[in-house]
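Colleague: Could you take me through one part of this protein up close, the strand pairing around the second strand, and then show me how the rest fits around that picture? I work at the bench, so plain words are welcome.

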Amino acid sequence: MTMTVPIIVIILIGLVLFASYFIVKQQTAAIIETFGKFTSIRQSGFHLKIPGVQRIAGRLSLKIQQLDVIIETKTKDDVFVKLKVSVQYKVIKDKVYDAFYKLDYPHDQITSYVFDVVRAEVPKMKLDDVFVKKDDIAIAVKTELNDAMMTYGYDIIKTLVTDIDPDAQVKEAMNRINAADREKTAAQYEGDAQRILIVERAKAEAESKRLQGQGIADQRREIARGLEESVEVLNKVGINSQEASALIVVTQHYDTLQSIGQETNSNLILLPNSPQAGSQMLNDMVASFTASNQIGEAMKNAKLKEKND
């Protein structure tokens, strides 16, 4: 009996000592109450309290936390869309009391403000503007939350619109519009390419024709120069210009026949090609030269007569 009492006393003392200290983790604040009344806020480290008199009313994390809020609302062009807004917030170290005692459910409070701001901003925008101006929505949410939650000891670090999800039919329609727009752009590029190809081909053909015509002109010029030299040579030996021209034409006729005969696979047919063709051609040329000279003399006499009158 005498041994039992000291053991009980030792156990009681151990329990009292064990209940007298507590540890607060890093980036955490503990709220101490004495007989139900707020006493102090303990930061990270080793701490003592009076067992049975003081108690830890609660602990608040001072780390940055994130709350994801999904809101369904309607845009200005009557499209229902779901937005996911991520709110990053933390308890202000100097306002742990307000954060603990003024709000029981901070998540619900933040969610309510997010709903209120998003449903006020998005209906002012068309669906395309919601995608473009999502940062403006996030800034509006952050501004509203900061003004409201600062009173309760919460600091809003950042708000992000992380997802915009229209109705499935709307997304399908948007994809069709995008595909049609891309096809239109592709058709325009193809049309431009075809037009450029046609223009360049026409330019190349025109240049080819120009060069071809220039070549033919140069060829005829050289032929005329050669004929002129031939006529001069024949004139020197007593053959007049008409006879010289006829002789050259007949000579070229027979040279052409000889050239055709040398080509075994030639499909060229020279008409007329009878033995009398050269003689007939020569007679026709002489007659034409004579007629042209007579006409020229008549025209000269007529002009002289007009001057004399």
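Modeller: Of the 309 residues of the protein, 22% count as buried. Please keep in mind that this is a predicted model. Its secondary structure comes to eight helices and eight strands. The accessible surface is about 21800 Å², and carbon and sulfur atoms account for 56% of that area. If you take the contacts between residues at least 6 apart in sequence, 64% of them join residues at least 24 apart.

Now to the strand you asked about. Strand E2 covers residues 28–34, and six of its seven residues are buried, so the strand is mostly covered. E2 has strand E5 (residues 54–61) as a partner: the two run antiparallel and are joined by seven bridges. To find this pairing on your screen, look for Ala29, which stands opposite Leu60 in E5. E2 also pairs with strand E3 (residues 37–42), again in the antiparallel sense, over five bridges. Here a handy landmark is Thr34, which stands opposite Lys37 in E3. In general, strands of a sheet pair through backbone hydrogen bonds, either parallel or antiparallel.

The link from E2 to E3 deserves a look of its own. These two strands form a hairpin with two residues between them. One residue in that turn, Phe35, has a positive phi of about 50 degrees.

Then go to Thr28, which is also found in E2. Is Thr28 buried or exposed? Its relative accessibility is 16%, and because buried means under 20%, Thr28 counts as buried. Leaving aside neighbours within four places in sequence, Thr28 is in contact with Arg42, Gln43, Ser44, Arg59, Leu60 and Leu62. Among these, Leu60 is the residue that stands opposite Ala29 in the E2 to E5 pairing.

From E3 we can step to the aromatic residues. The structure holds five aromatic pairs. The rings of Tyr97 and Tyr101 make a tilted pair, because their centres are 4.8 Å apart and their planes stand at 40 degrees. Both tyrosines lie in helix H2 (residues 96–101), four residues apart, which is about one turn of the helix. Tyr97 counts as partly exposed at 37% relative accessibility, and Tyr101 is likewise partly exposed at 29%. These two tyrosines belong to one aromatic cluster together with Phe38 and Phe100.

A separate sheet is also worth turning the model for. Three strands form this open sheet in the order E6-E7-E8, with antiparallel pairing. Its edge strands are E6 (65–74) and E8 (154–166), each of which pairs on one side only. The twist from one strand to the next averages 20 degrees. Strand E7 (residues 80–91) pairs with E8 in the antiparallel sense over 11 bridges, and the bridge partner of Leu83 in E8 is Ile164. Helix H3 (residues 106–121) packs on the sheet and touches E6, E7 and E8, with its direction at about 35 degrees to that of E6. Helix H5 (residues 134–149) packs on the sheet as well, touching E7 and E8, and its direction makes about 145 degrees with that of E8.

Last come the charged side chains. Side chains of opposite charge can pair when their charged atoms come close. A search of the whole structure finds six salt bridges, and here are some of them. Asp78 and Lys74 meet in one, at 3.5 Å from N to O; Asp78 is exposed, with a relative accessible area of 55%, while Lys74 is partly exposed at 36%. Another joins Lys102 and Asp98 at 3.6 Å. In that pair Lys102 is partly exposed at 45%, whereas Asp98 is buried, with a relative accessible area of 18%. A further salt bridge links Glu200 and Lys203 at 4.0 Å. Those two residues are separated by about one helical turn, because they sit three residues apart in helix H6 (residues 168–236). Glu200 counts as partly exposed at 43% relative accessibility, and Lys203 is exposed at 51%.

Methods:
Residues are numbered from 1 along each chain as its sequence is written. This is a predicted model: local features need pLDDT of at least 70, side-chain atom pairs count only at pLDDT 80 or more; totals for chains, interfaces and linings use all residues. Side-chain values use heavy atoms; hydrogens and water are left out. Buried means under 20% relative accessible area, exposed over 50%, partly exposed in between (1.4 Å probe, protein chains only). Two strands pair if DSSP finds at least two bridges between them. Rings of Phe, Tyr and Trp (its six-membered ring) pair if their centres lie within 6.5 Å; planes under 30 degrees apart count as stacked, over 60 as edge-to-face and the rest as tilted. Contact means heavy atoms within 4.5 Å. A salt bridge is a side-chain nitrogen of Lys or Arg within 4 Å of a carboxyl oxygen of Asp or Glu. Accessible areas come from the Shrake-Rupley method with a 1.4 Å probe; for residues, only the protein chains shown count as cover. Axes are lines fitted to C-alpha atoms, for helices over the stretch in contact, and angles run from 0 to 180 degrees between N-to-C directions.
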